Amino acid sequence: MDFQLEGWPVSSRVAAEILDVPVETFKNWRKKYGLLPNNWAGKGRAPEMHFLLRDLLEARVAQKLIGI
């Protein structure tokens with residue numbers, strides 16, 4: 001079985017769980033500080049955001065740098 005973790009999208013809630021922060025904090029990083037790109041999972045009025053491994057790594061580095 002071959003997994004391609006780099007292309008596996010996760011939601012904001014799952015990303016927050018992986019980073020061990022409240023989902024509101026994760027969303028704040030994205031909206032207020034523009035930390036992560038806006039990647040949309042699908043078409044429609046309000047599709048759910050999704051993040052890739054590289055986005056989570058970027059967020060983790062920022063998290064470490066600010067000491068959270």
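This tour goes through one helix and then a group of aromatic rings, in a model that is predicted.

Begin by selecting helix α1, which covers residues 12–19, and colour S12, A15, A16 and L19, the buried residues of this helix. If you then turn the view until you look down the axis of α1, these buried residues fall within an arc of 100°, so they line one face of the helix. The general pattern helps here: an α-helix has 3.6 residues a turn, so residues three or four places apart point the same way.

Now select R13, E17 and I18, which are exposed on the other side of α1. To see what lies over the buried residues of α1, show α2 (23–33) and α3 (53–66), which are included in what covers them. Before leaving this region, step to D20, just after α1, where the residue takes a positive phi of about 60°.

For the second part of the tour, select F26, W29 and F51, which ring pairs link into a cluster. The count of aromatic pairs in the model comes to two. In one of them, the ring centres of F26 and F51 are 5.0 Å apart and the planes stand at 85°, so this pair is edge-to-face. Trace the chain from one ring to the other: F26 lies in helix α2, whereas F51 lies in the loop between α2 and α3, so the pair ties together parts that are 25 residues apart in sequence.

Are F26 and F51 buried or exposed? Showing the surface around the two rings is a way to look for yourself, and both F26 and F51 are buried.

Terms used:
Residues are numbered from 1 along each chain as its sequence is written. This is a predicted model: local features need pLDDT of at least 70, side-chain atom pairs count only at pLDDT 80 or more; totals for chains, interfaces and linings use all residues. Side-chain values use heavy atoms; hydrogens and water are left out. Buried means under 20% relative accessible area, exposed over 50%, partly exposed in between (1.4 Å probe, protein chains only). Helices (H or I, at least four residues) and strands (E, at least two) are DSSP runs, numbered from the N terminus. The arc is that of the directions from the helix axis to the C-beta atoms. Contact means heavy atoms within 4.5 Å. Rings of Phe, Tyr and Trp (its six-membered ring) pair if their centres lie within 6.5 Å; planes under 30 degrees apart count as stacked, over 60 as edge-to-face and the rest as tilted.
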